Amino acid sequence: MDPRAACAPTVARKHTGAVVICVIAGVMVLLLLVFFGIGTVVSSAGRAAHQTMDTDDYDQSALEDLRARGYEPEDYLNDDGTVKDQKVYRFSEADSYTQYKQLLEGKSSEYNSKSPDDAIKLLPELSDRGVEYYGAWLKYLLTAEQELEASGKRTTTDPNEIDIYYNAQTTALNELEQKFLHGEDLGIHATLRDSEGNVRDLYTGAFDLKSSQPDIPTLTADWEQKIKAVPIAMGSDGTYLAAGEQLIASVGLSPTYDFKSVYDHCSGSTRLADETTLGAFCSATPNLIYINQDSRNWTYDVTGSYYPNAAKHELAHAMIYRI
């Protein structure tokens, strides 16, 4: 399921932040899927099966000591029935476990509690790929928390093994966070099961941050120059229809007089349904400007200087969308 499929962009005349709203919705939907649409990930280490031993003849004080520390004696007996002399360490009791746990839970809380505005700022680009990339990072955090819980149940006779393991986990977490913040290839494979049960791959590759960000000063200056170069004059038909078309075409866009087709791409609103609406811009079709020839004051508007100004107004929405 496309994370933005349920969010039809709002017509810019009603709301200039249409694309931002849709990406926010995409993030929110993807968040829900991350938490409710995936299977539990557990990488717990299984223990070898042991034959139940009769411990009646063994050192009871040693056995009680093992039980007091939470261990089953059968797992720590030699074949001759004597208690192994190595001290057994549980992963969850190590300082390195606690430190990694605090770091991981802190990052998980930080990135999952972002406000919509702050979440948008983290996206490497305002696109479906950007939303999926964010989702892959959240999926990694969720999986890491599940693996942490499982790893804490492991035991070892070498305390250094625990520190080595959690130090490596800490390094991996910090390095992946930096890759995420800089739009680099995450180097992981992440999938998501949507609400319809379909499994899809999430984008985890790199972004060209320079090319994905528009050169805003150049873009605005170019549009302004082209729009100003269009002569605003009434046509031989006594209307400004041609002038409006020339304004729209000057920046590479096209007018469409099939106004009702906007509903195929953008959510319906009372403003759009109002027959006083003259024009509209929809971020789902960024190269079109919708003109409503059935508006109540069409004849009056198209024969006055208001009409070319209305065309410029919709072009401003197109510019805002691109920025």
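This passage describes the confidence, nonpolar cores, sheet and salt bridges of a predicted model.

We may begin with how far the prediction can be trusted along the chain. The mean pLDDT is 78, and 69% of the residues score at least 70. Confidence varies between elements: helix 3 has the highest mean pLDDT, at 96, whereas helix 1 (residues 18-36) has the lowest, at 53. Two stretches call for a cautious reading. Over residues 1-21 the pLDDT stays under 50, although the model places 53 contacts beyond four places in sequence there. The pLDDT is also below 50 over residues 37-58, a stretch with 30 contacts beyond near neighbours in sequence.

The nonpolar interior comes next. In soluble globular proteins, nonpolar side chains tend to be buried together. In this model the largest nonpolar core has 29 residues, and W137 and F180 make the most contacts inside it. Four helices each give two or more residues to this core: helix 3 (95-112), helix 4 (116-122), helix 5 (128-151) and helix 6 (159-181). Helix 5 provides the largest share, with nine residues. The surroundings of F180 can be listed in detail. Apart from its neighbours within four places in sequence, F180 is in contact with Y111, L122, Y133, Y134, W137 and L186. A second core, separate from this one, has 22 residues, with L247, L278, V302 and A310 among them.

A further spatial link concerns T191, which lies in strand 3 (residues 191-193). T191 is 55 residues from A136 along the chain, yet the C-alpha atoms of T191 and A136 are separated by 7.7 Å. With a relative accessibility of 25%, T191 counts as partly exposed, since the partly exposed class begins where the buried class, under 20%, ends.

The next feature is a sheet. Strands of a sheet pair through backbone hydrogen bonds, either parallel or antiparallel. Here three strands form an open sheet with mixed pairing, in the order 5-7-6. Strand 5 (254-256) and strand 6 are the edge strands, each pairing on one side only. Neighbouring strands of the sheet are turned against each other by 30° on average, with direction ignored.

The two pairings can be taken in turn. Strand 5 and strand 7 run parallel and are joined by three bridges; T256, for example, has Y290 in strand 7 as its bridge partner. Strand 6 and strand 7 run antiparallel and are likewise joined by three bridges. In this second pairing, F281 has I289 in strand 7 as its bridge partner. Strand 6 and strand 7 also form a hairpin, with six residues between them. Helix 12 (residues 306-322) lies across strand 6 and strand 7, and runs at about 10° to strand 6.

Finally, the charged side chains can be considered. The model contains ten salt bridges, counted where a side-chain nitrogen of Lys or Arg is within 4 Å of a carboxyl oxygen of Asp or Glu. Three of these pairs serve as examples. In the pair R129 and E125, the closest N and O atoms are 3.5 Å apart, so the pair falls within the 4 Å cut-off. R129 counts as partly exposed because its relative accessibility is 34%, while E125, at 16%, counts as buried.

E224 and K228 form another salt bridge, their closest N and O atoms being 3.2 Å apart. Both residues belong to helix 8 (residues 216-228), and because they are four residues apart there, about one helical turn separates them. E224 is partly exposed, with a relative accessibility of 45%, and K228 is exposed, with a relative accessible area of 64%.

The salt bridge between E275 and R296 has its closest N and O atoms 2.9 Å apart. This pair links distant parts of the chain, as E275 and R296 are 21 residues apart. E275 sits in the loop between helix 10 (270-273) and strand 6 (279-281), and R296 in the loop between strand 7 (288-291) and helix 11 (298-302). E275 has a relative accessible area of 41% and is therefore partly exposed, whereas R296, at 53%, is exposed.

Note on methods:
Residues numbered from 1 in each chain as written. Predicted model: local features only at pLDDT ≥ 70, side-chain atom pairs only at ≥ 80, totals over all residues. Heavy atoms only, no water. Buried < 20%, exposed > 50% of the residue type's maximum accessible area, 1.4 Å probe, protein only. Core = buried A, V, L, I, M, F, W, Y, C linked by side-chain atoms within 4.5 Å. Contact = heavy atoms within 4.5 Å. pLDDT = per-residue confidence, 0-100. Pairing = 2+ DSSP bridges. Axes fitted to C-alpha atoms, helices over the stretch in contact; angles between N-to-C directions.
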